[in-house]
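Work through the exercises below with the model open beside you. Try each task before reading its solution.

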Amino acid sequence: MIKVLVVDDQVLVRAGFAALIRATPDLEVAGEASGGQEAVAMTDATRPDVILMDVRMPDLNGIAATERILATTGPVQPKVLILTTFDLDEYVYDALRAGASGFLLKDTPPERLIAAVRTIAAGDMLFAPTVTRRLVEAYTRERDTALVAWAGLDALTARETEVLRLVGRALSNGEIADELRVSEATVKTHLNRTMTKLGLSSRAQVVALAYETGLVSPRHGR
């Protein structure tokens, strides 16, 4: 059973998501929060597997709440799925950097919402490579983000760097294993070591870092 915490400051939206989750056999509602501060407290109390997090809330926005939650929940962290009104909302990229596992439009059909919850609960990114690249390209084009130096990359082995680049292209572990001709278990080992060395807590942060350091081109996604 996947426990889901629903966070949104609009009562009707929050109630709608909660009702959908309750109607799905393998999901359950861990709680409902009306703002970021309450979400932080309820996460600590209920230990959800997935958090549906509204991005724009008056007391503490979804980005700040995500950062606070992931910084305080220890080794077993919930997966955060950011809810947004616009698919190229600048906050979405910030959410990925904060450690969220993906984003979803609020007008997404019910079946896609359920599939998204299951996807990130399993530890995967939400969207296909084309969508991830479109998001990051739009952000970097708009903000003219400069590539940053990341000293931690020097600590990576050649294979870890290659895994980082392929994750940055939003390939799944299975796709990376096929490309490198290794097992998925080996890919997971390299990825875990890479994240530990770089101090990253989610696959989404790996994607963001790959773009920021130039391992993956915002224009070409490779």
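Buried means under 20% relative accessible area, exposed means over 50%, and partly exposed lies in between, with a 1.4 Å probe and protein chains only. By that rule, 49% of the 222 residues of the chain count as buried. This is a predicted model, in which local features need pLDDT of at least 70, side-chain atom pairs count only at pLDDT 80 or more, and totals for chains, interfaces and linings use all residues. Residues are numbered from 1 along each chain as its sequence is written, and side-chain values use heavy atoms, with hydrogens and water left out.

**Exercise 1. Take stock of the chain**

Task: how many helices and strands does the chain have?

Solution. Helices (H or I, at least four residues) and strands (E, at least two) are DSSP runs, numbered from the N terminus. The chain has ten helices and five strands. Next, look at contacts, meaning heavy atoms within 4.5 Å. Take those between residues at least 6 apart in sequence: 64% of them join residues at least 24 apart.

**Exercise 2. Trace the sheet**

Task: in which order do the strands of the open sheet lie, and is their pairing parallel or antiparallel?

Solution. Two strands pair if DSSP finds at least two bridges between them. The order is β2-β1-β3-β4-β5, and the pairing is parallel. Now find the edges. They are β2 (27–33) and β5 (102–105), each of which pairs on one side only. From one strand to the next, the twist averages 25 degrees.

Then check the bridges:

- β1 and β3 run parallel and are joined by four bridges. Valine 6 has leucine 52 in β3 as its bridge partner.
- β3 and β4 run parallel, with five bridges. Here valine 50 stands opposite lysine 79 in β4.
- β4 (residues 79–84) and β5 run parallel, with four bridges. Threonine 84 stands opposite leucine 105 in β5.

**Exercise 3. Examine β3**

Task: which residues of β3 lie on one side and which on the other?

Solution. Start from the general rule. In a regular strand the side chains alternate between the two faces of the sheet. In β3, Val50, Leu52 and Asp54 are on one side, and Ile51 and Met53 are on the other. Both faces are covered. Five of the five residues of β3 are buried.

**Exercise 4. Place helices on the sheet**

Task: which strands do α1 and α5 lie across?

Solution. Axes are lines fitted to C-alpha atoms, for helices over the stretch in contact, and angles run from 0 to 180 degrees between N-to-C directions. Helix α1 (residues 11–22) lies across β1 (2–7), β2, β3 (50–54) and β4. It runs at about 160 degrees to β2. Helix α5 (residues 110–121) lies across β1, β2, β3, β4 and β5. Its angle to β4 is about 150 degrees.

**Exercise 5. Compare two helix pairs**

Task: is α2 roughly parallel or roughly perpendicular to α3, and what of α9 and α10?

Solution. Angles under 35 degrees count as roughly parallel, over 145 as roughly antiparallel, 65 to 115 as roughly perpendicular and the rest as oblique.

Step one: helix α2 (residues 36–46) and helix α3 (residues 62–72) pack at about 20 degrees, with axes 9 Å apart. They are therefore roughly parallel. Gly36, Gln37, Ala39, Val40 and Thr43 of α2 meet Ala65, Arg68 and Ile69 of α3.

Step two: the axes of helix α9 (residues 184–198) and helix α10 (residues 203–212) come within 11 Å and cross at roughly 70 degrees. So α9 is roughly perpendicular to α10. Leu191, Met195 and Leu198 of α9 touch Arg203, Val206 and Leu209 of α10.

**Exercise 6. Follow α7 inward**

Task: which residues of α7 are buried, and against which helices do they pack?

Solution. In helix α7 (residues 158–168), the buried residues are Glu160, Val163, Leu164, Leu166, Val167 and Gly168. They pack against α8 (173–180), α9 and α10. Alanine 170 follows α7 and has a positive phi, near 70 degrees.

**Exercise 7. Check two arginines**

Task: is arginine 47 partly exposed or exposed, and what of arginine 181?

Solution. Arginine 47 sits in the loop between α2 and β3. Its phi is positive, about 50 degrees, although it is not a glycine. It counts as partly exposed because its relative accessibility is 41%. Arginine 181 lies in the loop between α8 and α9. Its phi is also positive, near 60 degrees. At 80% relative accessibility, arginine 181 counts as exposed.
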